[in-house]
Amino acid sequence: MKSENIDELLNGFIDGELSPRQLTEVQRLIAHDTRILERLQRLQRGRMLLSSLPVEQAPADMPDRVKTALEKNTLLGQYAEQYKQIRGTRHLFGRKLATIAAMIGLVAVLAVVVYNIIAPTPVPQKSVAVQTQPPAEMTAPPILAASEKSIVAAPGETVLNTTIELRTDSPNAVNALIANALNENILQEQWQVEISQDRKATYTLNAGRENLSLFLADIQNSFRGLKNATMYIDTEQFDEKIVVENVTINQLAEIINQDNTQKSVKLAADFAALNKISSALPGKEVFAAIDNTSADLISIPKPVLTSGEKTVKKSAAQIRDDRKIRLTIVVAEGK
Amino acid sequence: MAGAPNINIDDDVLVQQCRQGDSAAMERLIYKYQNRIYNTILKMCANPDDAAELTQDTFVKVIENIDKFEGRSSFYTWAFRIGVNLTLNHCKRSSKVAFTSLETERKENNWRPKQILKEFLRNDASPDPAIVAQNKELCDLVQKALMKLDDTQRTVIVLRDIEGMNYAQITKVLELELGTVKSRLSRARNNLREIFEGFLR
């Protein structure tokens, strides 16, 4: 038997931890081996020595010390809990603030996006420069260069912007007539003409109502040989025009002679509807109207000489007109 | 023990009362085990102040965790397990504990206790345990020898030979297998004997 195993048996023997069989084995060993008996005695003495040590008494105030320590731990625990609660509250508050800030930011971004989607598209400024008050030192009215597109308008007044498209078999004759009328009634600075390669002439006039009326009266004869005359007039709605098909010179003059742009536009709309109905009628009376063979709806206010004085070309000051009208006349060879 | 209340009450009853917040039951548990736990811890760490502090910590931990006591072992072994673990951890932290070489021990002027120790360990003598208990110097010498054992061997020998636990209780306190306890105890006793013999050379 190994020495370690014998020692464990001997230890079990002195500790009373052996089974009956082990106990018999140890008794046999110590009965026949004095060395094992001596080892057993040494173990017993060592155990006895330790067992002989006095039992030390715990401090008498141990229960109080334990209670004090428990109270201290409880207080510390409470403080720790309170600290955790305060810290937790602060943390929660911070998170709420962050959430609110994020929501505000999100709403702002959404508002910008929605505004960009639903906001009304600003009406692009047409080439109109509104001069609300003329400079004090300006004694003469502003003169528009022929190439200028801008028009001086009275305060709060919109500009009537009209285009007339004339289709004729003899454009040269019509152009000659229009040019003559322009020279007679409109300042050189207030009109220009462009002729394209396909012989289409575009006259651009920035003139007052009165002068335009005179001009229209002069070109009245040219309407007689037209195949077609169509008027386009801008409305206050962006990019929306009223189209007056088969317009007559009388209708044109009436539209231009209205007191203000709104009235002109409304009248143009009425004429557009009227002409459309007329074109559907048997006999296409509208062509008769263009040909000016039927009774005029409105007489053209052509000025009449009331004295024997010779007609004198009007000066710029004389032909000043409060309401400027932009009239574009397109003369084309056409159907 | 002056002022100690009647402690002949079953541990399970005291534990139950303690769980219900009965401070008197808590006191009774402390009174019942304070000396045994303190004595065991003191033999393990050899410092009265540390032993008192560790005993206090043991009871604080016992009471704070009394609801977790499941009763799979006895309250006695459960409380000792807490105390022993606290002490072993303390010993690990302060490994400075009283290490003195045998040579230093031989040079120390403690002739009288060594003589008593020699007589005690002689095979042909009839040792009187009372002599040991009455001789403080001899007790100190034995304590020094104990402190020369490593922590695990010292613990098992203290639990068996000083606290008087049986092997089964030691296995529960130290959470070891029975064979481990046996072998560790055997080695601890042999080593202690060698330490004593070293003192006497």
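Which residues of α8(A) are buried? Hold that thought for a moment while you get your bearings. What you have open is a predicted model, and the predictor gives the complex an ipTM of 0.84 along with a pTM of 0.52.

**Stop 1: helix α8 of chain A**

Select residues 261–280 of chain A, which is helix α8. The buried ones are T261(A), S264(A), V265(A), A268(A), F271(A), A272(A) and N275(A). Show them as sticks and look down the helix: they cover an arc of only 120 degrees around the axis, so they sit on the same side of α8(A). Now turn to the other side of α8(A), where A273(A), I277(A) and A280(A) are exposed. While you're here, check the length. The 20 residues of α8(A) should span 28 Å at 1.5 Å a residue, and the end C-alpha atoms are 29 Å apart, which agrees.

**Stop 2: the whole of chain A**

Zoom out and color chain A by secondary structure. You should find nine helices and six strands. Chain A has 335 residues, and 26% of them count as buried. Of the contacts in chain A with a separation of 6 or more, 71% come from residues 24 or more positions apart.

**Stop 3: a hairpin in chain A**

Next, select 191–195 and 201–208 of chain A. These are strands β2 and β3, and they pair in the antiparallel sense over five bridges. To see one pairing up close, pick Q192(A), whose bridge partner in β3(A) is T204(A). Then move to the turn: the hairpin has five residues between the strands, and one to click on is R199(A), which takes a positive phi near 65 degrees.

**Stop 4: helix α1 of chain A**

Go back towards the start of chain A and select residues 3–15, the 13 residues of helix α1. From its first C-alpha to its last, α1(A) reaches 18 Å, close to the 18 Å expected at 1.5 Å a residue. Its buried residues are D7(A), E8(A), L9(A), L10(A), N11(A) and F13(A). What covers them? Switch on α2 (20–32) and α3 (34–51) of chain A, then α11 (178–200) of chain B; the cover includes these three helices. Just after α1(A) comes G16(A), with a positive phi near 70 degrees.

**Stop 5: where the chains touch**

That helix from chain B leads nicely to the contact itself. Select both sides: 33 residues come from chain A and 37 residues from chain B. On the chain A side, the elements giving two or more residues are α1, α3 and α4 (62–118). Which of them gives the most? It's α3(A), with eleven residues. Color that side by residue class and you'll get 14 nonpolar, eight polar and eleven charged residues.

**Stop 6: chain B**

Finally, hide chain A. Chain B has eleven helices and zero strands, so-called "α" from one end of the pattern to the other: α-α-α-α-α-α-α-α-α-α-α. Buried residues make up 38% of the 201 residues in chain B. Among its contacts between residues at least 6 apart in sequence, 66% join residues at least 24 apart.

Before you leave, color chain B by confidence. The average pLDDT is 84, and 85% of the residues score at least 70. Residues 1–7 of chain B are a stretch to treat separately in your view: the pLDDT there is below 50, and beyond near neighbours in sequence the stretch has eight contacts in the model.

Key:
Residues are numbered from 1 along each chain as its sequence is written. Chains are lettered from A and ligands numbered from 1 in the order in which they are written. This is a predicted model: local features need pLDDT of at least 70, side-chain atom pairs count only at pLDDT 80 or more; totals for chains, interfaces and linings use all residues. Helices (H or I, at least four residues) and strands (E, at least two) are DSSP runs, numbered from the N terminus. The expected span of a helix is 1.5 Å times one less than its number of residues. A residue is buried if 20 or more other C-beta atoms lie within 10 Å of its own, exposed if 12 or fewer, and partly exposed in between; C-beta atoms are placed from the backbone. Two residues are in contact if their C-beta atoms, placed from the backbone, lie within 7 Å. Ala, Val, Leu, Ile, Met, Phe, Trp, Tyr, Cys and Pro count as nonpolar, Asp, Glu, Lys and Arg as charged, and the others, Gly among them, as polar. The arc is that of the directions from the helix axis to the C-beta atoms. Two strands pair if DSSP finds at least two bridges between them. pLDDT is the predictor's confidence in each residue, from 0 to 100.
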